[in-house]
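Trainee: Please take one part of this model and examine it closely, so that I may learn how such a part is read. I should be glad of a connected account that also sets it beside other parts of the chain.

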Amino acid sequence: MSDQFLWLAYLAGLPPIRLHELRHGAASLMLAAGVEMKVVQETLGHTSSAFTADYTSVFPQVVMAAAEKTAGRRGNR
């Protein structure tokens, strides 16, 4: 299956990516979209949310949004 996927990606002109990396990407995109960690965990079939958190990547846009949210909270006590 993985070899077929690599071949299809090649034919489509995409960079080489392993099929398993799509799971990481999907999890990261779900979290970036604001999906709760527990939902992502259960979607992927992980036994703990800690594993899911380690499994995903944090996009720079998500880090920036978190910083802006935090900065906006200072004046709202």
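Mentor: Let us begin with E21, which is partly exposed, with a relative accessible area of 29%. The term refers to values between two limits: buried means under 20% relative accessible area and exposed over 50%, with a 1.4 Å probe and protein chains only. The model is a predicted one, in which local features need pLDDT of at least 70 and side-chain atom pairs count only at pLDDT 80 or more, while totals for chains, interfaces and linings use all residues. Residues are numbered from 1 along each chain as its sequence is written, and side-chain values use heavy atoms, without hydrogens and water.

What partner does E21 have in a salt bridge? The partner is R18, and the closest N and O atoms of the two residues are 3.4 Å apart. A salt bridge here is a side-chain nitrogen of Lys or Arg within 4 Å of a carboxyl oxygen of Asp or Glu. R18 has a relative accessible area of 52% and therefore counts as exposed. The pair thus joins an exposed R18 to a partly exposed E21.

How many salt bridges does a search of the whole structure find? The search gives 2, and K38 with E42 is also such a pair, the closest N and O atoms being 3.8 Å apart. K38 lies in helix α3, where helices are DSSP runs (H or I, at least four residues) numbered from the N terminus. Helix α3 covers residues 37-44, and K38 and E42 stand 4 residues apart within it, so about one helical turn separates them. An α-helix has 3.6 residues a turn, so residues three or four places apart point the same way. Of the two partners, K38 is partly exposed, at a relative accessible area of 45%, whereas E42 is exposed, at 54%.

The position of K38 may also be set against that of I17. These two residues are 21 residues apart in sequence, and their C-alpha atoms are 27 Å apart in space. A second separation concerns A67 and L22, which are 45 residues apart along the chain. The C-alpha atoms of A67 and L22 are likewise separated by 27 Å. A67 belongs to helix α5, and its relative accessibility of 43% makes it partly exposed, the class that also applies to K38 at 45%.

Let us turn, for comparison, to the beginning of the chain. Is helix α1 well covered or hardly covered? Helix α1, residues 2-11, is hardly covered, for among its 10 residues the count of buried residues is 1. W7 is found in this helix. Just after α1 comes G13, whose phi is positive, at about 80°.

To return to the part with which we began, E21 and R18 form one salt bridge, and K38 and E42 form another. When you inspect the model, look at R18 with E21, and then at K38 with E42 in helix α3.

How values were computed: Helices (H or I, at least four residues) and strands (E, at least two) are DSSP runs, numbered from the N terminus.
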